[in-house]
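Me: Can you walk me through this one? I'd like to start with the ligand and then look at the sheets.

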Amino acid sequence: MLYRSLLALAYATIVSHDGRAITIDGHRRVLLSGSIHYPRSTPEMWPDLIKKGKEGGLDAIETYVFWNAHEPTRRQYDFSGKLDLIRFLKTIQDEGLYGVLRIGPYACAEWNYGGFPVWLHNMPGMVFRTTNKSFMDEMQNFTTMIVDMVKKEKLFASQGGPIILAQIENEYGNVMGPYGESGKAYIKWCANMAQSLDVGVPWIMCQQNDAPQPMLNTCNGFYCDNFVPNNPNTPKMWTENWTGWFKQWGGKNPHRTTEDVAFSVARFFQRGGTFNNYYMYHGGTNFDRTAGGPYITTSYDYDAPLDEYGNLNQPKYGHLKQLHDVLHSMERTLTYGNISTIDFGNSASATIYKTEEGSSCFFGNGNENSDAKISFQGESYVVPAWSVTILPDCKNEAYNTAKITTQTSMMVKKPNEAEDTPSTLKWSWRPENVDNFILKGKGDSTQTQLFDQKVVTNDQSDYLWYMTTVKFKKRDLFLGKSMSLRVNSTAHALHAFVNGKHIGNQHAENGKFNYVFEKDVKFKSGRNVIALLSITVGLANYGAFFESKPAGITGPIFITGRNGDETIVKDLSAHKWSYKTGLNGFENQFFRTESMSKWSVESVPFNRSMTWYKATFKAPLGNDPVVVDLMGLGKGTAWVNGNNIGRYWPAFISSENGCDAKCNYRGAYHAEKCLTNCGEPTQRWYHVPRSFLNGEGDNTLVLFEEMGGNPSLVSFQTTRVGSVCANVYENKIIELSCDRKPISAIKFASFGNPYGNCGSFEKGTCESSNNTVDILTQECVGKEKCSIDVSTKKFGAPDCSGAARKLAVEVIC
Ligand code: GAL
């Protein structure tokens, strides 16, 4: 026994820290890390994603652990498939990377309910994230279970495994005010509880400036260079450097420029930071009902260095990789050197890290408008506005955050080229049977109260029927008046039926999740059935007491009758309401491929609400990631071979305004800057991981269309690099790659002073007389990648009146 534990110790990695850095086996480290959340991709994708992280210069992969995914029902656990946490951690280990395990178990993360199970909310007397006994018991139970699982597999660094850091809670400091003294006590409890689990690696608490020792408080945000941890013994660490932003239905495509992400990282290291984690490095997909909200999209692309499908998002991926290489090359000076700074004024500064062996320098320019001319040790340097130059030897510029020498990749979607695939899919359909509800108002339980949707459904479904009957006597004062039904709603989307007739639907607009639905209705004498279908689109995941943000139809609900100036109001809120969770087709699993009967190929309807559609298709050839274009559909859910690929809502078009054609990377980024995709569906393409597909045989797509849509445009496509561009100054080496496909042609090339952007380059006023296209054709065409020395030696020396020459090139893949 003793021998065994000694052996384990021999393999153990000792992770500790001092005020300067995380130390691993006694060495201070410069650590670059990236967030990849395992359930947002598939186990088949993990090795490639993690490998790309490693090739991108990362030391570590970070993930949250999503409690509601693992414990969907109290004390019933799921670690299968995409939820195989241990397999994910072992994949990180196999790749030789470190792991950062953010157990939370509150995650936020645009994940349904922030990662909390809804059954937890429905326990008596429950309040989340405070000194509530039931909450603390459950949190401790889950956290302990995860730690034990990970320990059992020896995955903490202290056991010889990859995990160097663990996290408890998540950004509690941002919301703790309203919790008062209990909040403070809760954070102390979290710290003690975590510490008692004895994981042998440091615990972090992000955005927690009262983090009790030995918890390390860390920073999250677009910039963290000004962050100062609450304890001199805590290194300056950045747990979430947001590489882009998430998307909401009705929203546009966020874009954080490469230059700005690089600037934020370089600035952080200039100012003494030593650990930076990209949130997200790969955002991935919110499959099934995992998206948070309300209204977070299925895609969680995040404009991360790896796109939703796992492709390199260039130039972000490559420009950051170069930065990581430079920072790693300076690890010793950065973590052991003496630090001095020179302030040049106008937001320009130099920071010098000096050890006995040598020095490394950062020249920073935080001015958004003007370039800085800096003289340093007899040399002069120009640092472009809003950029940082890194000089590992304090003499030669190795990297500038604003000078991109990595290619830009333009992604394209290609039609499904599988054999025998007709250009349009052949559909069959069946209606969702709603008669019991809309005609009879018959549910599973009745109450004389309107309940929050979570309480009734336990979040087992997005759908909840609220049904009641109203009787009018023949001579009722109401009848004959102009009448309406008025519903105060916090349903994320709502359909209303009276006596079997669909009278309308509504969803929240402009982020207002409490709204009034009002429609004129003709009630009849005798019995009237009112059926309201309330739909959730991701439960709230952020804010103090977010667990009690209402969802569903909490009322009041009125019928009003107007006669001239006179209005009579009938309050239905305390009526007998009948409830039914879910829809028939979900219960009967129409999305399973085996469910074959009762589908009809006759008169396939368009624009019919509550309709199921089914089609078979062949998997697109090759290995490129597959997407399905759902343009033309309204709102609903899609399945491929029984796998839920997420909620869709292409009918939700973003507004025309607010896009920024001239996106300027200079100046502080915020989520509304540099948006694209105005006036278009927020999300039109949906990821279908290859592992969901049968390579050879037939595949089945099933859609449940809630609002009404036209499936005839739906098509399967693959996504890949279509063309690649570069635009670099002379004396640099540029690598062009079609990402494992041969380069097929050079579309544009000019050496001189070309201008414009990828896809629209133009020749400038000076140009080399050598045939640049020919040179590049020879070096690149037919190859998967080529490396070009951008020099006058190769391309000739056009006279550009003394200005630096550039090569602009666009190649077709
Ligand atoms: C942070 C949170 C993350 C994520 C991010 C926004 O506040 O910790 O989980 O939600 O914001 O994408």
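Reply: What follows goes through the ligand site, a loop, two sheets and a span taken from a record. Keep in mind that this is a predicted model.

Me: Fine. How many residues surround the ligand, and which are the closest?

Reply: The ligand is surrounded by 15 residues. The closest are Tyr-64, Ala-109, Glu-110, Glu-171 and Tyr-302.

Me: How does that shell divide into nonpolar, polar and charged?

Reply: The shell has 10 nonpolar residues, two polar ones and three charged ones.

Me: What does Tyr-302 do with the ligand, in terms of distance?

Reply: A side-chain N or O atom of Tyr-302 sits 2.5 Å from an oxygen atom of the ligand. Tyr-64 also places a polar side-chain atom by a ligand oxygen, at 2.7 Å.

Me: And Ala-107, is that contact through backbone or side chain?

Reply: Backbone. An N or O atom of the Ala-107 backbone is 3.0 Å from an oxygen atom of the ligand.

Me: How much of the ligand does the protein bury?

Reply: The protein buries 95% of the 310 Å² that the ligand exposes when taken alone.

Me: Next topic, backbone oddities. What is the peptide bond from Gly-293 to Pro-294 like, cis or trans?

Reply: That bond is cis, and its omega is near 5 degrees. Pro-294 belongs to the loop between β11 (275–282) and α9 (316–329).

Me: What about the bond from Gln-314 to Pro-315?

Reply: The bond from Gln-314 to Pro-315 is cis, with omega near 15 degrees. Pro-315 is in the loop between β11 and α9.

Me: And Asp-303, is its phi positive or negative?

Reply: Positive, at about 55 degrees, although Asp-303 is not a glycine. Asp-303 is likewise found in the loop between β11 and α9.

Me: On to the sheets. What is the strand order in the sheet of five?

Reply: The order is β20-β31-β36-β33-β34. The sheet is open and its pairing is antiparallel.

Me: Which strands are at the edges?

Reply: β20 (427–431) and β34 (643–648), each of which pairs on one side only. From one strand to the next, the twist averages 20 degrees.

Me: How many bridges join β33 to β34?

Reply: Five bridges, with β33 covering residues 636–640 and the two strands running antiparallel. One bridge partnership there is between Val-640 and Asn-643, the latter in β34.

Me: Then the sheet of four strands. What's the order there?

Reply: β26-β23-β28-β29, in an open sheet with antiparallel pairing. Its edge strands are β26 (515–520) and β29 (566–571), and each pairs on one side only. The twist in this sheet averages 20 degrees from one strand to the next.

Me: How many bridges join β23 to β28?

Reply: Six. Strand β23 spans residues 482–489, strand β28 spans residues 557–563, and the two run antiparallel. Leu-485 stands opposite Ile-559 in β28.

Me: Last thing. Which residues does UniProt list for the SUEL-type lectin domain?

Reply: The UniProt record, an unreviewed entry, lists residues 728–813 under "domain: SUEL-type lectin".

Me: How much helix and strand is in residues 728–813, and how far apart are the ends?

Reply: The span is 15% helix and 34% strand. Its end C-alpha atoms are 20 Å apart.

Technical notes. Residues numbered from 1 in each chain as written. Predicted model: local features only at pLDDT ≥ 70, side-chain atom pairs only at ≥ 80, totals over all residues. Heavy atoms only, no water. Pairing = 2+ DSSP bridges. Axes fitted to C-alpha atoms, helices over the stretch in contact; angles between N-to-C directions. UniProt positions renumbered as here; feature names shortened; annotations may be inferred. Near = heavy atom within 4 Å. Polar contact = N/O pair within 3.5 Å; in protein donor to acceptor, adjacent residues only side chain to side chain. Areas by Shrake-Rupley, 256 points an atom, 1.4 Å probe, with all protein chains shown as cover. Nonpolar A, V, L, I, M, F, W, Y, C, P; charged D, E, K, R; others polar.
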